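Here's a quick tour of strand pairing, salt bridges and a bit of surface. Have the viewer open and follow along.

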Amino acid sequence: MKMNNVFLVIALVVSFNVFSQQRIVVTETTLSLGFDQVAEVFYSFAKGDEIVFNMNMIQGKHIKAVEIVELPNNVVFSAFKAMVLRDKRIKVRNKGLYAFRFYSSSLTNRVCRYRIDRVPVSPATKNFNTNWKWHIVRDTVYTPYQQDSLMGYRTVKYQETVRELKSTKLEEIMLFEKTQTVHSFYNENISRAVLKVDLPAVYNTAMKEEQILAWAYWIGVGQESREAYKKNLSSITKSLGKVADLYYQTPLAGIAVGEISSLITPQTGEDVNYYFISDYQNAQLFYNKQQFLQFDNGKGRAAYGRNDRLIKGTFYIGLLNDNEWRGIEVDIKVMAVKQAKIYENVIYKRERQEPEYLTLNKTRMNINETKIRVPVE
């Protein structure tokens, strides 16, 4: 009886050893890799399983690297410049998921064929499912933070300095006042004249701003024009006695600021051709009887006008007498009106409402989700 029991135990041991040597094919496939390409496959194994890995090259000399990794990051096997791998065995200590990684750095395609077998530790794990699935792991994280809570408002008194306009002044500047002789056409002297006019400079500071508003001119011939200008001046003088807040003191200033639209001009007497020229070069062309550029011109016994576009620099006035035998005396007046704004710093007492906050310490709960691969069983 005892002998029979011994034979039974021996038979069971032999049967178990024979089973444990049986391989079960997990996968057998061909893999193609391009330049700098990585391929991964994943399979689950039962505790006590033995993984058997084989690989051989079909196209290309070798594969740069082959790894078998027990997830998440335990490298259990690696081979570099692998050409042929035969029956590489890895013992599975605990049920888990394994990654099989293939990497190629070759410029040409690499093709290999690999096979993965498992040797079950016992008949109980013969039908173990080697597939895997995604599992979501949720991790709760508590993050401390601070938040300001409005408690109310408080009144804050302060002083503010404001630059304010104190006064505005107009200054009448006579830029040019001259009587110019212009010879007749057949005189031995040239029947032309050129006069230079310099516009005034302006100066600006933090408390003073200057600008040229406009300039006006009077061009008249002979005694007739002088009498006409005197009448205009007399008319302005009478107005100044009646109206205290006039913006001008002379007829030309009134024309420049736009308060006067017309002046008295003579009805008899000689006339003159006049030209306004913007630069010296064209003024010389005019004087030498050549073609030139101008920005205004006219002809008359007396003429007046304003300009608010050219307000800095220098310009020229050209005079031409087309009378064949008689020379003329031309009175030229040019007046600019400069505006000066005077500022001052004024200090004001102000009040403002400022919020008052209380800082609260709080905690924010965040739930992070991570997907991981796990065995199906």
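## Strand 8 and its neighbours

Start in strand 8, where Phe53 has Ile116 as its bridge partner. Keep in mind that this is a predicted model. Phe53's side of the pairing is strand 3 (residues 50-59), which runs antiparallel to strand 8 and is joined to it by 9 bridges. Strand 1 (residues 24-33) is also antiparallel to strand 8, again with 9 bridges. On that side, Thr29 sits opposite Tyr114 of strand 8.

How many residues of strand 8 are buried? Strand 8 covers residues 110-119, and 8 of its 10 residues are buried, so "mostly covered" is a fair label, given that buried means under 20% relative accessible area.

## A four-stranded open sheet

There's also an open sheet of 4 strands, ordered 2-7-4-5 with antiparallel pairing. Strand 2 (37-45) and strand 5 (74-82) are at the edges with a single partner strand each, so one side of each has no neighbour in the sheet. From one strand to the next, the twist averages 15°.

Zooming in on one pairing, strand 4 (residues 63-70) and strand 5 are antiparallel over 7 bridges. Ile63 faces Ala82 of strand 5 there.

## Salt bridges

The whole structure has 23 salt bridges. One of them pairs Arg115 with Asp117, the closest N and O atoms being 2.9 Å apart. Is each partner buried or exposed? Arg115 counts as partly exposed because its relative accessibility is 28%, while Asp117 counts as buried because its value is 0%.

Glu160 and Arg350 form another salt bridge, with 2.9 Å between the closest N and O atoms. Glu160 belongs to strand 9 (residues 132-182) and Arg350 to strand 16, so this pair ties together parts 190 residues apart in sequence. Glu160 is partly exposed at 32% relative accessible area, and Arg350 is partly exposed at 32%. Then there's Arg163 with Glu209, whose closest N and O atoms are 3.3 Å apart. That pair links distant parts of the chain, with Arg163 in strand 9 and Glu209 in strand 11 (residues 208-221), 46 residues apart. Arg163 is partly exposed at 38%, and Glu209 is partly exposed at 32%. Salt bridges with shared partners also join Arg23, Glu28, Asp87, Arg113, Arg115 and Asp117 into one network.

## A nonpolar surface patch

Which residues form the nonpolar patch on the surface? They are Tyr142, Met365 and Ile367, with about 350 Å² of accessible area together. Met365 is found in strand 16 (residues 328-375) and is partly exposed, at 49% relative accessible area.

Note on methods: Residues numbered from 1 in each chain as written. Predicted model: local features only at pLDDT ≥ 70, side-chain atom pairs only at ≥ 80, totals over all residues. Heavy atoms only, no water. Buried < 20%, exposed > 50% of the residue type's maximum accessible area, 1.4 Å probe, protein only. Helix = DSSP H or I, 4+ residues; strand = E, 2+ residues; numbered from the N terminus. Pairing = 2+ DSSP bridges. Patch = residues over 30% accessible without salt bridge, like charges linked within 9 Å, V, L, I, M, F, W, Y side chains within 5 Å. Areas by Shrake-Rupley, 256 points an atom, 1.4 Å probe, with all protein chains shown as cover. Salt bridge = Lys/Arg side-chain N within 4 Å of Asp/Glu carboxyl O. Axes fitted to C-alpha atoms, helices over the stretch in contact; angles between N-to-C directions.
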